[in-house]
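Good morning, and thank you for coming. I would ask you to keep the structure in view while I speak.

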Amino acid sequence: MTSLKLLVWATLLGLLTLSSSARAHKASDSYLFLEAKTGGASGRWDIALRDLDDAIGIDRNADGQVSWGELKAAETQIKRYALASLFATSAAGACNTTFGRMAAVVHSDGTYAALDIAMTCPGAAHSLRLRYELLFAIDAQHRGVVRTSAAAPPIVLTKSRREANLSLGDSGGLAAFWAMVRLGMDHILHGYDHLLFLTALLLPSALRRESGRWVAVAAFPAVLRDVLRVVTAFTVAHSLTLGLSAAHLVSLPSRFVESAIAFSVVLAALNNLFPLVRSERWLAAFCLGLLHGFGFAATLSDINLSAVTFARTLFGFNLGVEVGQLGVVLLLLPLIYGLRHSQRYQRLGLPLGSAAVLLISSVWLVERAFNLRIISS
Amino acid sequence: MAIVRDAAEHAAPGRMTRARHVLFGGGALLVVVGLVAVFSPSPTRSEPFLPASPNQILEHLPERVAGRAPIRAAGASLEPIRDPLLAERLAREDIRSYQITADPRYLGHAEARLSAFWDVADAPVPILVLRAKIRASNHDFEPAIRDLGTALAKAPDDSQALFERASILTVLGRYAEAVKDCAALAPQVSELFALGCSGAVRGATGEARGAALDLQAALVRARGLSPADAGWAASLIGELLVHAGDAKQAERWLTSALASTPQDAYTLGVLTDLLLDLQRPAEVVKLLSPFERIDALLLRLAIAEQQLNLPQAEQHRAQLAERFADARLRGSAVHRREEARFELSLRGNPERALELAVANFGVQREAWDVRLLLAAALAAKKPALAGEAREFAERAAVQDPAISSLLHALDGGQR
């Protein structure tokens, strides 16, 4: 390997192995993720170890640290405390709350106990009333942050507002799903870098190179095939990395991702001006599309729900992205096909359009890589 | 570029040329990077895990501040403390822990200790003063001023209540009222504290240098000061000298304040702001590396790291974003000043910074609040929105080199 390649690898690996260690000083919050299901709700409740130690004492050997062993030893005590701090009722009466597995989970201010929680309510419950009592006795500024879906705003319970209604059933689910679809559409339609990348790849779809010049491709099916190949490859690639990244399986630093996305647009535009990759443009769309998925995932990074909700959320968001993208392709396709015989398009439209894309994306690249502001806000 | 053009012109159709190798090599590299990323342990957050060993340490609890009684709930409920003397003593310890560590959980504990008296309008004077301190720390300034008014109606000479109210009124920019409280305080306390009270107001109204000189003289005369009080006085003198534009002397005083109280977050903030203004980010990194836990200091650390192009800048920026998001989630607004500065200096988002700076200026009006609003309005090219801060600065005759140069720049932009 050349030294340059080694340097690139070292940088990439360095970026990948960054770990976050410092924990914030923060006021006390617990995080309750609840998902409605028939006859109740289930989810996870994250409570800070530090708060648990203040409330019930879990540092048994008083060495100022909480080990996994100490946490496990206090499990029954913790669940009893939690059970006495959260009450759910439906129209037909009190719900039965049970706790499942206890794990550990890291939030910005430290490690929390993560308790799987299930609530079973009598009758056909359509809504549920929560009363929250955790920690208020020892911390008057404690908050219970309750989330029922990624799209719905969280409910914040405080010492003076301890109760809240949660609606169950499909209204939350469908509305939340639709909200995610809209978020995805919004994201692609305002994500000019993704759109420019796709546009740059599609501009020459109705043309082919013959002895250094562009000539029109006659048949519509051939054009359509080319467009489909590029769009599908881009979609598959960005869906793949979006999923991996949203599931926290992969994480790349945002500045690297944003810079690399800008660079991918530069490459796509350059390829139109100095064509290297022609029939294999779909492959370029795939390789570079992997990067764009990381960019999409940034929007989803704050969302933090159980496996079922996560899959639904991700699917909704991705669907929204694809619908938005399809709309743009449907607008572009007639234009590209209609103009394919035009000399002006071949000689001027394509090169000038690509040059414009190249210019914009180069500015983005410089801005993002060096953290400057030139054109964007 | 030369290679690319060359390859494009001479390549035979359908053959993989050198340049295409490069392009596909790049693509393949990305795929490999993706695979490496998948199989490498990434810093996952918010994903529950089951530790492999019972010995694995999950959390380091904060060191017990000496003398602070642990707080315990026997079940979900804990009987509120009815004894006002006990409640006062315990809450005072919690507030002291908060002042030492800047950890807001202690404020919640202090409030809980006072819960039996929290909504009692007519609570004992010492409890009213503590309640006001907690409220002011949460930026509930008006209720805090009301509590102190009630306390002073009962005990007009209470020095703590007077000092507390003068400090809050200074933060709010209500200088005439603050001056009155400082005048009422003067006969009750030592010369140093009396001058400290009035000095903060004078520093905000164009008399920073005179106030600093008076305090220096009083400090020489003062006898038997505790390190905490000596640190407080030196820190205030340093801050006044920053406003007076005497960077060299300011740095000397702030450094000596840190010698008395090395962990003091407020002094560290003032000193590192000065160093950032003096383009000495490397020293900021050195000073603040042990204080990443404190949001306001992590902010300055990240700004310094960004100026030095250090790799940690990105990670710290992400951490700050997460902390601000957490604060927003719980509906807390105490971070507005820091968040405005974050958006302005670290995110390059002057529009958002301006929104936050405007909202922040509606709540507090210290030099940094003025400065941020002016800077954000300038960066967002909306000088009209700085009008309020400009008027305020001119009315109070605010003296501060950074504010003066921002006002100058805004004038230039309007002409």
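Let us begin with helix H5 of chain B, residues 125–137; helices here are DSSP runs of H or I, at least four residues, and strands are runs of E, at least two, both numbered from the N terminus. The expected span of a helix is 1.5 Å times one less than its number of residues. For the 13 residues of H5(B) that gives 18 Å, and the end C-alpha atoms are 18 Å apart, which agrees.

I should say at once that this is a predicted model, in which local features need pLDDT of at least 70, side-chain atom pairs count only at pLDDT 80 or more, and totals for chains, interfaces and linings use all residues. Residues are numbered from 1 along each chain as its sequence is written, while chains are lettered from A and ligands numbered from 1 in the order in which they are written.

Is H5(B) enclosed or open to its surroundings? A residue is called buried if 20 or more other C-beta atoms lie within 10 Å of its own, exposed if 12 or fewer, and partly exposed in between, with C-beta atoms placed from the backbone. Eleven of the 13 residues of H5(B) are buried, so this helix is largely enclosed by the rest of the structure. Among them are B:Ile127, B:Leu130, B:Arg131 and B:Lys133. The buried residues pack against four elements of chain B: helix H3 (84–101), helix H4 (105–113), helix H6 (141–154) and helix H7 (159–171). Just after H5(B), B:His139 has a positive phi of about 65 degrees.

Helix H9 of chain B, residues 191–204, is our next stop. Its 14 residues reach 20 Å from first C-alpha to last, close to the 20 Å expected. H9(B) has a kink of about 25 degrees centred on B:Ser198, the bend being the angle between axes fitted to the seven residues ending at a residue and the seven starting there. Because 13 of its 14 residues are buried, H9(B) is largely enclosed by the rest of the structure. B:Gly206, which follows H9(B), has a positive phi near 85 degrees.

Where does the largest nonpolar core draw the most residues from? Such a core is a set of buried Ala, Val, Leu, Ile, Met, Phe, Trp, Tyr and Cys residues joined through C-beta atoms within 7 Å. Of the 108 residues in the largest one, B:Ile237, B:Ala357, B:Leu373, B:Leu374 and B:Ala376 touch the most other members. Helix H19 of chain B, residues 367–379, gives the most, with ten residues. A second, separate core of 56 residues includes A:Leu196, A:Leu203, A:Ala260 and A:Ile261.

That brings us to chain A, which has eleven helices and 13 strands. Of its 377 residues, 47% count as buried. Four of its strands form an open antiparallel sheet in the order E5-E4-E8-E11, where strands pair if DSSP finds at least two bridges between them. E5 (93–94) and E11 (163–167) are the edge strands, each pairing on one side only. Five bridges join E8, residues 127–132, to E11(A), and A:Arg131 has A:Glu163 as its bridge partner there.

Finally, confidence. The model scores ipTM 0.79 and pTM 0.70. Chain B averages a pLDDT of 85, with 85% of the residues scoring at least 70; pLDDT is the predictor's confidence in each residue, from 0 to 100. In chain B, pLDDT stays under 50 over residues 1–16 and over residues 34–45.

Key: Two residues are in contact if their C-beta atoms, placed from the backbone, lie within 7 Å.
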